[in-house]
Every structure is written in C-alpha cells, then in structure tokens.
Amino acid sequence: MVWQFDVIILTLVIVCGIGALAVKDLIGAAILFSAYSFLMCLLWAIMGAVDVAFTEASVGAGVSTVLFVAAVFQTRRRSKD
Amino acid sequence: MKKTGLIMVIVTGILLIAGTTEFPDWADPNSPASSHVSPYYILKAIDDTAVPNVVSAVLADYRGYDTMFETAVIFAAGLACFFLLRQFNRKRAKTKMYRHVPTGIIIDIDEGGKLPEENSNFERIDSQWTPYDLIIKTTCRIIIPFIQVFALYVIIHGHHSPGGGFQGGVILGATIILFAISHDLRTTIKRLSEKMASVFSSMGVFLFAATGMLCLLLGSVYLDYSALSDLLGTDPVMARSHGILIIEIGVGLSVMAVMIWLYYNLSSAGKHNEGL
C-alpha cells in the first residue's frame, strides 16, 4: 500500500471535518460533510473493507447529504455560532 | 460556553488518541480480534453457507440477530421521524397555483374555484417554483432505471460481491429521492405513496423475522436457514445461502422504504405538499 495516499486522504479528512464545523453556511457544511464521508469511503477501500466503503459511499455521501439539505431548507440556512 | 465546548472536545480527543496507542497494529494476525472467531469464519464460511463473500455470511447468517435488530432500528428511525414531523391536521394552502404550460402564465385559484382538468395544459406548481429544466428532468429520467437495476444487482448479488440488502436498499431509495428532487414531491407521492412506504418498511422487517420464525417452526433454532432445505428443495448448505438472499431482500425493502419515508417527512416538514 502506498502510504502517501493514506497521508493525503487523512489530511483532507481532517480539513473537511474542521471546515464542516467552522463554516457558517449550513448547506456548505452539509456538502463538506459529504466530502468527508467520501474520503472516509476511500480510506475504508484502501484498508480492504469494501463492504463498509460501499455503505459509507451510499449512506454517508449519498442519502444523508440529501436529508441534511432537506432539513436545512426547512430551518435556517445560517448557523448562529 | 463555546470555550468550554472547545476544551472538552480537545481533552476528549487527546484521551481517544492516547487510547488508540494500545490498539493492535492494523492487519496484525496476532491481535485478539483476528485470533479467535475470525479464522473460523474465514475457513468455514464457504463450507457452512456456500457464500463466497464472508462479510455477507457473517452479517446475515452467523450474526443474523445483529442484522435483524439493525433493520428494526432503521424501521424505528423512520417511525420516529414520522411521529415527530408528520402533520395531519394541516391547513391547506388557500390558493392553488397552476401554470399554463405553453404560455408560462401562472394563475392562482382560490379555494372553491374551478380547478383545471387533469389532461389540460395546466400543471400544478409549488409556491416556490423553479423553472422547468429540460436537461435535469430528462437526464434523471434516463439515469434512474439504470441506477435501479444496479441497486437490484447489489441486493441479489450481495453474497458474491461487496454489497447486500443495506447498500442496495439505500441506492434504490436514492433513486426515488432523485426523482423527487428532479420533479416534485407530489408527482413522487403519486407514484409511491406514504402508505406504500410505511407498509414496505414494516414488511421488510417482517420478512426477516418471519424467515427466522419459519426456521423455528420447522424444528431448528431461530434464524438457522438450513432448516429451510426441505422447503426450498436444496441441501442444507445451499439453503443457508438462499436464506441469506431472502433476508437481504427483506433488509433492502425496509431500508429503501425508510429512506423514502424520511425524505418525504424531512423535505416537506411533515406536510407532504411541497418538497425541495
């Protein structure tokens, strides 16, 4: 396994996680969270847990983002803190 | 408050990271997790269940109880969302908005006014109407059947390749959600009503539990699919493979319906009139 991939993806995971917390726009946070899920999916795939990667891609990056966006549309788009 | 939260997060994070140093190395064959039950699953899965994908065999057969209650939890999540959000005694919007398709004129029809006929040039629109987009609608219409076929493949082929009921069900539900986003919520609910979604989600859990019960009635233990061999007309090993397929279909059905149900309730705040 190429360890450089691990380092790059892990860095991006941390960046996405902090970004999702820091960003004021909640739609942006949902999209960043989706990117986070997709990078986690790549990490699972690298570690050989293909089933988990599949679930992460379909649930984490797919449906949960839609549900987050739907929830944001029914409440407020900007976060207070 | 914000500072206290930050300090708590940092302290917990440091404790968690300190805890991971005690973990065995990744892919360490001598770690406790891979020295007791894992070798048995890896060596015996194909002899016991005739399922090449060990993960599916573990999830649906050796650890069938876990998966059954996992499905029940997902069903409960759908139910909880329904009970929290759904509003039945909703106030109907006073005016209904219709758009004349050839000219693009929008008319408001008050309560009690004469509504256009079904096949006329008028179409019902949401109050926040986004213009008709030919490219998005056509693309989604073309791509949805292919995604659905892939989802069915993921469910059916779950014990030979990565995948299974859960993933396939989510993909199948996502196609309906894609349809609801590209068209509108009313059209989708006409195709797959809320009642259908609730019936499907409970039916999936029931199919799982009933398969287990059937094994019990046929004189074996709960969720031991080899008891179904006479019923399916195969040998006990193959019957376990078929049993896994049956419960994967149940899981897929339940997960698909719950995802759609969640979307219906979340996107319209429980009113089921206008979606995203």
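Okay, so chain B and chain A bury about 1,600 Å² between them, with 79% of it on carbon and sulfur atoms. Buried area here is the accessible area, with a 1.4 Å probe, that two parts lose on being put together, summed over both. Before I go on: this is a predicted model, where local features need pLDDT of at least 70 and side-chain atom pairs count only at pLDDT 80 or more, while totals for chains, interfaces and linings use all residues. Residues are numbered from 1 along each chain as written, chains are lettered from A in the order written, and side-chain values use heavy atoms, leaving out hydrogens and water.

Back to the interface. Chain B puts in 23 residues and chain A 15, contact being heavy atoms within 4.5 Å.

Which elements of chain B give two or more residues to that side? They're helix H5 (134–156), helix H6 (165–182) and helix H10 (236–267), helices being DSSP runs of H or I, at least four residues, numbered from the N terminus. H6(B) gives the most, 7 residues. Chain B's side divides into 17 nonpolar, 5 polar and 1 charged.

Now for one residue, B:Ile189. You'll find it in helix H7 of chain B, residues 185–191. Is B:Ile189 buried or exposed? B:Ile189 counts as buried because its relative accessibility is 18%; the cut-off for buried is under 20% relative accessible area, using a 1.4 Å probe and protein chains only. Leaving aside neighbours within four places in sequence, B:Ile189 is in contact with B:Tyr264 and B:His272. B:His272 sits 83 residues away in sequence, yet 8.2 Å away in space, C-alpha to C-alpha.

Key:
Nonpolar A, V, L, I, M, F, W, Y, C, P; charged D, E, K, R; others polar. Buried < 20%, exposed > 50% of the residue type's maximum accessible area, 1.4 Å probe, protein only.
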